[in-house]
Number of protein chains: 2
Amino acid sequence: MAEYRQVRDRHSFLEMCQRPDLAAEVTVTAVNRLNADAAIIFADILLPLVPMGVGLHYEKGDGPVIDRPVRSAADLNRIAPISAAESLGFVGESIKLTKAALAGRTPLIGFAGAPFTLASYLIEGGGSRHYRATKTLMYNDPETWERLMRTLVQVTVDYLNMQIISGADVVQLFDSWVGCLGPDDYRRFVLPHSAAVIRALRPGVPVIHFGTDTGTLLELVAEAGGDVIGLDWRVNLGEAWARLGDKVGVQGNLDPVALFANISEIRSRVRTILDQAAGRPGHIFNLGHGILPETPVDHVIALVDAVHEMSKR
Amino acid sequence: MAEYRQVRDRHSFLEMCQRPDLAAEVTVTAVNRLNADAAIIFADILLPLVPMGVGLHYEKGDGPVIDRPVRSAADLNRIAPISAAESLGFVGESIKLTKAALAGRTPLIGFAGAPFTLASYLIEGGGSRHYRATKTLMYNDPETWERLMRTLVQVTVDYLNMQIISGADVVQLFDSWVGCLGPDDYRRFVLPHSAAVIRALRPGVPVIHFGTDTGTLLELVAEAGGDVIGLDWRVNLGEAWARLGDKVGVQGNLDPVALFANISEIRSRVRTILDQAAGRPGHIFNLGHGILPETPVDHVIALVDAVHEMSKR
């Protein structure tokens with residue numbers, strides 16, 4: 001969105017996250033322009049890594065870089081303990097300012113990275129294709145892996161509870177990269193920790209448990225917890241929901257790339273997804289993963305309009 | 001392998017593919033050193049794109065680059081029609097030389113890229129993360145997509161049949177990137193074309209139909225055809241095979257990254273996979289995707305030994 005780029009041209013990404021006035025401004029502008037039914041705070045799943053002292057910075061166009069990756073017990077010992085209230089208070093402030101600006105028109109979603117996904121960045125030192133360092137640590141040094149995950153559980157619980165106290169109406173746990181694992185590895189190395197996060201959250205706020213490439217992990221992701229389970233576009237929504245049962249809602253599952261198709265094709269895909277949801281309550285229409293740069297804004301507006309129009313049937 | 005790097009230091013990757021003596025040498029050296037039960041020709045799925053005249057070259061460390069991507073009907077019209085016998089005859093020669101050197105000790109696998117995966121390279125101009133150009137063409141210009149796929153079906157059939165005539169004992173169709181699609185897109189845009197390739201192959205040679213990230217597509221991949229279906233590490237082999245039924249074999253499904261684990265962990269993972277196969281005939285033990293650079297050779301040897309030892313039980 002041009003409105004976003006204007007703000008972004010004047011401020012670094014981290015600065016925008018750390019300035020509640022800017023974070024609230026871009027969030028509310030997007031919700032208003034797109035006519036979305038919910039807002040999500042402007043933040044990043046890696047923000048907790050800044051006070052942890054691993055040297056996180058964002059390189060132009062290349063995504064996050066961590067100068068001092070965590071690949072051993074000794075590296076892990078150097079991680080600073082953090083308190084979200086002290087070092088991530090600006091996210092709480094963003095939530096308060098955004099809530100005030102939304103004035104009850106839509107709910108506001110807070111979020112955090114799940115322990116596995118945070119660990120993958122910490123270990124790889126940034127994004128990854130094969131998660132070789134992450135899996136190698138997991139397989140060869142399970143004790144350090146467990147200790148790292150327990151550290152990240154604490155950080156994530158503290159951070160999300162701070163967001164809930166600040167007024168988040170819903171929280172979303174992003175396990176964006178967990179789909180690189182097979183079911184056995186997920187069950188052994190990830191599930192207990194994601195479950196520990198979700199169990200420790202303050203009650204009364206729904207939890208969306210998000211992942212991508214989780215078509216073969218869905219039952220395990222649901223076992224870890226969450227009121228709503230994220231579905232990417234690789235699954236048929238109806239079949240996935242049947243596997244998960246009716247005790248959970250689902251969120252998804254349009255391919256973000258479909259937004260580059262013409263509007264008639266977009267509308268046809270909306271109809272297919274809504275048909276699969278079959279009017280059943282508990283479906284949050286969303287993309288299966290984050291929106292891509294250069295997505296035409298008018299296509300996103302057409303998408304939201306189509307969902308509103310076809311959901312009314 | 002040091003033996004491979006020595007040859008590779010003196011020749012470009014394309015040159016190695018195009019020189020049957022070198023291709024045979026590195027193949028046979030690897031089979032002998034690893035004690036594998038089958039050999040696969042040294043080649044690349046993109047070789048047919050060279051005579052098609054799209055300007056394929058391999059950049060140091062960055063993978064394949066296509067100078068003139070195919071993104072419109074006009075681009076497609078510029079593609080040169082090819083005959084595998086004329087322009088890819090060196091692969092047939094590689095098969096004959098490799099077969100002679102193997103002297104019947106192991107079967108030799110030929111291979112080609114499946115139409116979707118080839119199309120994705122042609123359209124993106126190289127590797128991709130989101131397949132945005134590929135999907136956009138597919139969604140917005142389905143006629144050009146169909147025409148491109150029909151072209152690639154012809155090329156692939158001609159190329160694989162040439163390999164079969166040259167003596168390949170098995171052929172493998174690599175649809176490496178098809179897992180970026182949801183089931184509806186696979187059924188509509190890919191399945192008929194992969195099926196057309198497999199149907200048109202000369203009889204008498206088993207076909208391995210390989211893909212990754214296909215956990216939610218497996219039934220459709222099998223519907224497209226193949227005597228053996230590839231399974232990556234995201235699926236439980238036993239469950240996947242139960243879904244596919246006993247009319248097909250399966251190949252897989254060790255995570256290539258598991259080869260960076262210690263040997264005891266590797267052996268434990270071999271046992272898990274073999275237990276899932278439960279002694280049932282028709283399982284080809286393999287990695288779930290290609291081997292990664294820097295994989296310790298002694299770990300690969302230990303893997304092959306473990307499979308041999310535990311399969312004898």
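Two strands pair if DSSP finds at least two bridges between them. Keep that in mind for the first stop of this tour, which goes through a predicted model.

**Stop 1: a strand pair in chain B**

Select residues 56–59 and 63–66 of chain B. These are strand 2 and strand 3 of chain B, which run antiparallel and are joined by four bridges. Now pick Leu56(B) in the viewer and look across to strand 3 of chain B, where its bridge partner is Ile66(B). Next, move to the turn of this hairpin, which has three residues between the strands. Select Gly61(B) there: Gly61(B) takes a positive phi near 80°. While the strands are on screen, a general point about side chains may help. In a regular strand they alternate between the two faces of the sheet.

**Stop 2: two helices in chain A**

Hide chain B and select residues 115–124 and 132–140 of chain A, which are helix 7 and helix 8 of that chain. Two packed helices are described by the angle between their axes and the distance between the axes. Here the axes come within 8 Å and cross at roughly 105°. Angles of 65 to 115 degrees count as roughly perpendicular, and helix 7 of chain A and helix 8 of chain A are therefore roughly perpendicular to each other.

Show the residues where the two helices meet. From helix 7 of chain A, select Ala119(A), Ser120(A), Ile123(A) and Glu124(A). Facing them from helix 8 of chain A are Ala133(A), Thr134(A) and Leu137(A). By class, this contact has four nonpolar, two polar and one charged residues.

**Stop 3: where the chains touch**

Bring chain B back. The contact between the chains takes 27 residues from chain A and 27 residues from chain B. On the side of chain B, select helix 8 (132–140), helix 10 (183–199) and helix 13 (263–277), each of which supplies at least two residues. Which of the helices of chain B gives the most to this side? Helix 8 of chain B does, with five residues. Coloured by class, the side of chain B that touches chain A shows 10 nonpolar, 10 polar and seven charged residues.

**Stop 4: the axis**

Superpose chain B on chain A. A turn of 180° with a shift of 0.0 Å along the axis lays chain B on chain A with an RMSD of 0.0 Å. That is the relation of a two-fold axis. To find the axis from chain B, select Gly215(B), whose C-alpha is the nearest to it in that chain, at 3.2 Å. The same surface serves both copies, as 100% of the contact residues of chain B recur in chain A.

**Last stop: confidence**

Colour chain A by pLDDT. The average is 96, and 100% of the residues of chain A score at least 70. For the complex, the predictor gives an ipTM of 0.95 and a pTM of 0.96.

Methods: Residues are numbered from 1 along each chain as its sequence is written. Chains are lettered from A and ligands numbered from 1 in the order in which they are written. Two residues are in contact if their C-beta atoms, placed from the backbone, lie within 7 Å. Ala, Val, Leu, Ile, Met, Phe, Trp, Tyr, Cys and Pro count as nonpolar, Asp, Glu, Lys and Arg as charged, and the others, Gly among them, as polar. pLDDT is the predictor's confidence in each residue, from 0 to 100. Axes are lines fitted to C-alpha atoms, for helices over the stretch in contact, and angles run from 0 to 180 degrees between N-to-C directions. Angles under 35 degrees count as roughly parallel, over 145 as roughly antiparallel, 65 to 115 as roughly perpendicular and the rest as oblique. Copies are superposed by least squares on the C-alpha atoms of residues with pLDDT of at least 70 in both.
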